[in-house]
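Trainee: I'd like to learn how to read a model like this one. Could you walk me through it?

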Amino acid sequence: MRGPRLLFVTGKGGVGKTTVAAALGQHAAEHRQRTLIVETATDGRLAHVFGHRALAATPRRLRAGLDAVRVDARELVEEYFSRLLRFQLLSKRLLASNAFNALTAAAPGITEFLLLEKLLSWIEPGLGRRRGYELVIVDGPGTGHALKLLRTPRALATMVPGGPLGKTARRLLALLGDHSRTRVLLVSLPEDMSVRETIETQQALEGDLALHVTRPVINRVFPRHFSTTEALLIEQDGDRNGTPVPPLLAAARFAIACRREAERHVGHLRRALGVSPIILRQLFTPDVHAADLETFGRTLGRAALEYEAASGTSRTHPSTSSGQAQHDSRP
Amino acid sequence: MASIEGLFRKHLVICVGAGGVGKTTTAAALALAGALHARRTAVITVDPARRLKDALGLDGLSTQPHSVAVDSSAHFDALALDTKRTFDALIERFAPSPAVSTRILANRLYQELSNELAGSAEYMAMEKLHELLHLRRYQVLIVDTPPSAHARDLLAAPSRLANLSASRAVSFLQTPAGLVGGSTSTVARLALSALLKALQRWTGFDLLHDLADFAAAFEHMIEGFRTRAEEVNRLLRAPSTAFVLVTTPEPHTIETAISFHRELLDGGFPVAGIVANRVLAFPRLDETEAGAATWDARLRAKLLRNYGELHQLSRRDRRALRRLQAETGAPLLAAVPAMSAAPTSLAGLERFARLLVSI
């Protein structure tokens, strides 16, 4: 199976990163990829989407072929220094101190590095360890922090050229810079601020960092219910003799205006980035249903994972597809 | 008792909330409404969208107040904060000599800190506010705030830098053993030296040197920061100050508003209430309303379906706002109905203001 090994899903808060990561994870698992979703937020929404209560600090199975894990920056730092210090009791007191917090907060890139190192261990586990995942999807963090995260290996490789640390930094640099293995997916909403941020982030990631960024996702796009003629009718009617607009018409006008606004933003993204955004529609239910997740997964999978061609290959040559034996049968 | 008009009897109104909830628009609309209520009003916006900026007549870097005329008799002042600015200007102002300021500006740790740890955007917002209030030119000052995940990022900004050099991080460098509660055992010293080595290896040997250097250089100007921070802190808790929680009915922004509210209360900051933006209000239709139109069957079915979808979203919004009120106990000052796009002209902003406040 081709397709990336590591996929970062990023965008500002509330744009639907978790839904996108969940849909992609489920889609990949259905294509027999041993998949792990890494949640960097602490809101527990990812587990909720799959009907689980919470995620743990070690990977836990959500469904066949799909695991999920929660990473917390503070836990990563604590784990790292406990490993170095070895004295449990002492390290606990040390880690609880303000001075330690101030130092680790000031040490540039320490939490970012530890998160990336963790991701690496899930993709390329060392000798004698369990098999790695074929696809690791990182849900979050927000755009600003994601940029910082993805810049870290380069900064570190320059700062610490030698030693085990420098070696890990170079391995990370190779992983992130490999366009066939690592991709970044930006999620935005059809709103000015969100679209602007997406354009800036995509340019920074592709330009400065030379990363592979997929087509951006634009989420919560209103459906186009009415034809142009109908829209015209709806917008002209009801304004006679100052009577209030009937609710059905007011609702229709609102939906038409939202759709237009969304199309304007899609156009803006397309012109600015030179690619067509992946469009996900507005859902009208309080929770994301399994069927919606599946539809989203197909749309996203085609664009971000390029599974259509790849899954065809694996069907004709099952022996070339890795990791099949470990999998439960497809649903 | 709690009305949104009550805000115009305050001197300082601070709009807080998650990014993208319409804080900037709300702040600008409140200033416009304040002007129509015949108050001398100014608004500090942070990073406004281009079109709102144009509507307010703010060009690229107008960090000085700029008058916006609503009509022939009402006007308010607006200024934009450039969030990309760092502490550099401040360092230059407080540093005892150009040599010290150059040393600080070139310090790697300073560069990291000014971007991340100290939250420069938040600091600048607080700094500007202090400056404007001292001019005593305005009766009401409306403040838009940078998008922060937590109220503490914003509210602690003035103190954070002042605390830094005094923080135990620095004394730790001089007497590392003090860190573990006065323990001077060999084991403790060994563990600490391992930790220091790890940190040194981590940062390519420079971090500790940088930190010490930074602290030493910074010591000279700490007094200026500290005085300023204390004044701003007092101001933020004054009875003439009101915090407004701005939110949308999205689950994500509601959660942010709830945690903001908790942090504000814990910190002793006065919260006036909630402004909810982009609220959908399409109630259940009764038969006569639904049947009133004379559309052909096909279009009528589409209209009904569309209404049904928006009704679903409206119910979700209502539930979310009920939850927010139940969790915070704060009054809902206004619920602004959803519009398909943010205001892009002064007339649009005035329409928004009229939905927010009775004028």
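Mentor: Let's start with a term we'll need: two residues are in contact if their C-beta atoms, placed from the backbone, lie within 7 Å. Helices (H or I, at least four residues) and strands (E, at least two) are DSSP runs, numbered from the N terminus. This is a predicted model, where local features need pLDDT of at least 70 and side-chain atom pairs count only at pLDDT 80 or more, while totals for chains, interfaces and linings use all residues. Residues are numbered from 1 along each chain as its sequence is written, and chains are lettered from A and ligands numbered from 1 in the order in which they are written.

Trainee: What do the buried residues of helix 15 of chain B pack against?

Mentor: A residue is buried if 20 or more other C-beta atoms lie within 10 Å of its own, exposed if 12 or fewer, and partly exposed in between, with C-beta atoms placed from the backbone. An α-helix has 3.6 residues a turn, so residues three or four places apart point the same way. In helix 15 of chain B, the buried residues include Leu303(B), Asn306(B), Tyr307(B), Leu310(B) and Ser314(B). The buried residues of this helix pack against helix 11 (247-273) of chain A, and also against strand 6 (241-247), helix 13 (251-266) and strand 7 (271-279) of chain B.

Trainee: And how far does helix 15 of chain B reach?

Mentor: The expected span of a helix is 1.5 Å times one less than its number of residues. Helix 15 of chain B (residues 297-328) has 32 residues and reaches 46 Å from first C-alpha to last, close to the expected 46 Å. Right after helix 15 of chain B comes Gly329(B), with a positive phi near 70°.

Trainee: How many residues of helix 1 of chain A are buried?

Mentor: 14 of its 14 residues are buried, so to speak of helix 1 of chain A as mostly covered is fair. For the 14 residues of helix 1 (residues 17-30) of chain A, the expected span is 20 Å, and the end C-alpha atoms are 20 Å apart, which agrees. Just after helix 1 of chain A, Arg32(A) takes a positive phi of about 60°.

Trainee: Which other backbone oddities should I look up?

Mentor: Try Arg220(A), which has a positive phi near 60° without being a glycine. Arg220(A) sits in strand 7 (residues 217-221) of chain A, and Arg220(A) is partly exposed because 19 other C-beta atoms lie within 10 Å. In chain B, Arg278(B) is not a glycine either, yet has a positive phi of about 55°. Arg278(B) lies in strand 7 of chain B and counts as buried, because 20 other C-beta atoms lie within 10 Å. Also look at the cis peptide bond joining Gly140(A) and Pro141(A), with omega about -5°. Pro141(A) is in the loop between strand 5 (135-139) and helix 7 (143-159) of chain A.

Trainee: What is the strand order of the open sheet in chain B?

Mentor: Strands of a sheet pair through backbone hydrogen bonds, either parallel or antiparallel. Here, two strands pair if DSSP finds at least two bridges between them. The open sheet of chain B has 8 strands in the order 3-4-2-5-1-6-7-8, with mixed pairing. Strand 3 and strand 8 (332-337) of chain B stand at the edges, each with a single partner strand, so one side of each is left without a neighbour in the sheet.

Trainee: Where can I see both senses of pairing?

Mentor: Look at strand 4 (residues 75-81) of chain B. Strand 2 (residues 41-46) of chain B runs parallel to strand 4 of chain B, joined by 5 bridges, and Thr45(B) has Ala80(B) as its bridge partner. Strand 3 (residues 66-69) of chain B pairs with strand 4 of chain B in the antiparallel sense over 4 bridges, with His66(B) partnered by Ala78(B). Strand 3 and strand 4 of chain B form a hairpin with 5 residues between them. 5 of the 7 residues of strand 4 of chain B are buried, so this strand is largely enclosed by the rest of the structure.

Trainee: Which residues touch the most other members of the largest nonpolar core?

Mentor: A nonpolar core is a set of buried Ala, Val, Leu, Ile, Met, Phe, Trp, Tyr and Cys residues joined through C-beta atoms within 7 Å. In the largest, with 77 residues, Leu7(A), Leu24(A), Ile137(A) and Leu185(A) touch the most other members. Helix 11 of chain A gives the most to this core, with 10 residues.
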